[in-house]
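Here's a walk through a protein–DNA model, from the packing inside to the strands outside. Have a look at the sequence and structure first.

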There are 2 protein chains.
Amino acid sequence: MNRHFSTERDHPCGACGFRATSIWWPVTRDCRTRLERGFNRRQLASEEMIYAQGAPGDTVYCLSRGLVALRSMRPDGHYSFVRLVRPGDIFGFRSFLEMQPHDTEARTLVASRVCVVAARDARAVVEGSPRVMGNLALRCAEELRRSRQLRAHSRRGDNRARLLRLIRDLSADQGPDPDGILRFRLPLSRADIAAALGLAPETVTRSLRRLSEAGALRISGRQVELPAQMVEQDA
Amino acid sequence: MNRHFSTERDHPCGACGFRATSIWWPVTRDCRTRLERGFNRRQLASEEMIYAQGAPGDTVYCLSRGLVALRSMRPDGHYSFVRLVRPGDIFGFRSFLEMQPHDTEARTLVASRVCVVAARDARAVVEGSPRVMGNLALRCAEELRRSRQLRAHSRRGDNRARLLRLIRDLSADQGPDPDGILRFRLPLSRADIAAALGLAPETVTRSLRRLSEAGALRISGRQVELPAQMVEQDA
DNA sequence: CGGCTCCTTGAGAGGCTTCAATTGACGTGG
DNA sequence: CCACGTCAATTGAAGCCTCTCAAGGAGCCG
């Protein structure tokens with residue numbers, strides 16, 4: 001068994017833009033080989049299902065481009081919006097760590113590209129390269145912090161502010177502003193926004209109209225115009 | 001360096017009741033020695049501070065008896081209730097993993113006993129015994145799942161039901177029922193309950209009164225009487 | 001007993017939800 | 001080309017819930 005760690009040049013993530021922050025590093029040469037064979041880059045269209053709720057957790061995913069929504073269905077028919085996955089994020093790992101079926105479903109919001117690692121390979125890599133588990137734990141801890149923050153913010157403070165923050169958040173990945181106004185297409189439906197904020201869709205509509213009347217943004221359908229100074233002020 | 005793993009007989013957690021689910025296992029003999037030297041069992045009174053928000057994250061804690069509250073203060077003076085730590089749980093680990101100061105404060109709710117491991121020792125153990133990191137990641141993943149569940153439940157469904165569930169949850173550790181009614185002392189103040197549920201303390205009082213009128217429980221101050229059949233029905 | 005903290009109760013106001021109906025966009029089929 | 005179904009988004013009305021502000025108990029300790 002070759003226990004030498006791979007050098008930067010033969011990083012298992014290859015030319016992926018997020019190799020610098022990859023969790024698959026450093027790994028032994030053996031693991032690198034295994035990963036390169038196991039890696040599977042998939043190009044996905046919009047609204048495509050990556051895994052369903054209840055599906056076996058036999059893969060770890062890394063989003064390299066696009067946007068993915070993690071949603072959790074509930075028996076009463078309602079669903080809650082669990083998490084927005086951005087490029088560079090990994091997902092499906094909770095299920096991998098707990099060795100349980102996915103309790104969320106993952107679906108692309110826009111055309112996306114994901115790297116897929118089979119849990120079998122991931123487990124082998126973790127065995128051979130312990131620091132990978134440390135990376136995974138770190139990601140998990142960060143996600144936990146984020147989840148707690150969301151929970152803390154979910155009640156206090158008015159929903160209008162939270163809504164605006166969410167929209168700004170969604171704009172962060174989009175290109176910069178041409179003439180001082182940031183224009184982009186909202187990747188979430190009103191129902192998604194409502195679920196993410198814990199509101200009713202109608203309330204989202206009404207809140208958006210109030211924000212619009214207050215001059216905080218202009219929105220028509222999914223087309224958003226966000227004044228640039230509004231983006232900076234809350235950094 | 002002795003790479004042999006310790007046997008069950010010389011478990012680093014000694015006679016602790018939670019050794020069977022300890023994250024410090026399996027470890028090499030060296031690590032075991034280090035842990036046994038590093039372990040520090042502390043007996044704490046009620047309402048005692050374990051660490052403050054902003055304190056350096058230089059320790060990992062394991063609660064072996066009692067109850068601990070993790071709270072997060074906010075600039076506006078309000079605080080939110082982040083998590084309830086039960087016997088067998090570990091805490092302070094997020095800060096350990098991220099190598100960041102604690103962003104919550106930990107305080108005992110009742111007389112408690114905690115095991116303290118210095119981050120320095122914990123890091124050494126993780127180096128020598130990779131599976132410990134796996135255990136830690138697993139705990140983190142479980143905590144993440146719990147946090148998400150709380151978030152999903154935090155809006156939908158009325159608060160009365162959530163309040164009752166919280167109270168039942170708090171009773172779970174207490175002894176069984178003598179005559180069909182479960183009596184115990186509530187470890188949380190109204191303000192804590194309110195923060196945990198994202199409500200105002202007044203609303204908690206009113207909701208409790210309504211629950212009381214509906215016959216779901218009897219409560220006077222912190223003394224609770226919970227009909228036993230109510231405990232079983234929602235399992 | 002005063003002072004303290006926690007809990008309770010009251011009243012008014014505002015926000016959110018639900019139900020229900022309407023509008024608009026889009027694709028299908030006559 | 002237009003009617004139609006479907007789906008998302010919007011609007012309106014009524015009602016409940018919770019919030020805030022404020023004042024009044026209850027228990028505890030010096």
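## Ground rules

Contact here means heavy atoms within 4.5 Å. This is a predicted model, where local features need pLDDT of at least 70, side-chain atom pairs count only at pLDDT 80 or more, and totals for chains, interfaces and linings use all residues. Residues are numbered from 1 along each chain as its sequence is written, chains are lettered from A and ligands numbered from 1 in the order written, and side-chain values use heavy atoms, with hydrogens and water left out.

## Inside the protein

Start with L97(B): setting aside neighbours within four places in sequence, this residue is in contact with A137(A), L138(A) and A141(A), and also with M133(B), L136(B) and C140(B). L97(B) also belongs to the largest nonpolar core, a set of 54 residues in which W24, L97 and L136 of chains A and B touch the most other members. A nonpolar core is a set of buried Ala, Val, Leu, Ile, Met, Phe, Trp, Tyr and Cys residues joined through side-chain atoms within 4.5 Å. Buried means under 20% relative accessible area, exposed over 50%, and partly exposed in between, using a 1.4 Å probe and protein chains only. Apart from the largest core lies another, of 27 residues, including I167(B), A194(B), A196(B) and L226(B).

## Two copies, one axis

How do the chains relate? Chain B can be laid on chain A with an RMSD of 0.1 Å, by a turn of 179° and a shift of 0.0 Å along the axis. That's the relation of a two-fold axis. The superposition is by least squares on the C-alpha atoms of residues with pLDDT of at least 70 in both copies. As for the interface, 100% of its residues in chain B are also interface residues in chain A, so the copies meet through the same surface.

## A buried threonine

T108(B) sits in strand β7 (residues 105-108) of chain B; strands (E, at least two residues) and helices (H or I, at least four) are DSSP runs numbered from the N terminus. T108(B) counts as buried, at 0% relative accessibility. A polar atom of its side chain lies 2.7 Å from the backbone nitrogen of E48(B). Beyond four places in sequence, the residues in contact with T108(B) include L44(B), I50(B), L67(B) and V68(B).

## DNA strand C

There are 16 residues around DNA strand C, and N159(A), T203(A), R190(B), T205(B) and R206(B) come nearest. Sugar and phosphate make up 68% of the strand's atoms that come within 4 Å of the protein. A residue is near a strand if one of its heavy atoms lies within 4 Å of it.

Bases are reached too: an N or O atom in the side chain of R206(A) is 3.1 Å from a base oxygen of DNA strand C, and a polar side-chain atom of R206(B) lies 3.1 Å from a base nitrogen. On the backbone side, R190(B) has a side-chain N or O atom 2.8 Å from a phosphate oxygen. α7(B) gives the largest share of the surface near this strand, 4 residues.

## DNA strand D

Which residues are closest to DNA strand D? Out of 16 surrounding residues, they are R190(A), T205(A), N159(B), A200(B) and T203(B). Here sugar and phosphate account for 70% of the strand's atoms within 4 Å of the protein.

N159(B) places a polar side-chain atom 2.7 Å from a phosphate oxygen of DNA strand D, while A200(B) uses a polar backbone atom, 3.1 Å from a phosphate oxygen. R206(B) has a polar side-chain atom 3.2 Å from a base oxygen of DNA strand D.

Terms used. A polar contact is a pair of N or O atoms within 3.5 Å; within protein, one must be able to donate a hydrogen and the other to accept it, and residues adjacent in sequence count only if both atoms are side-chain atoms.
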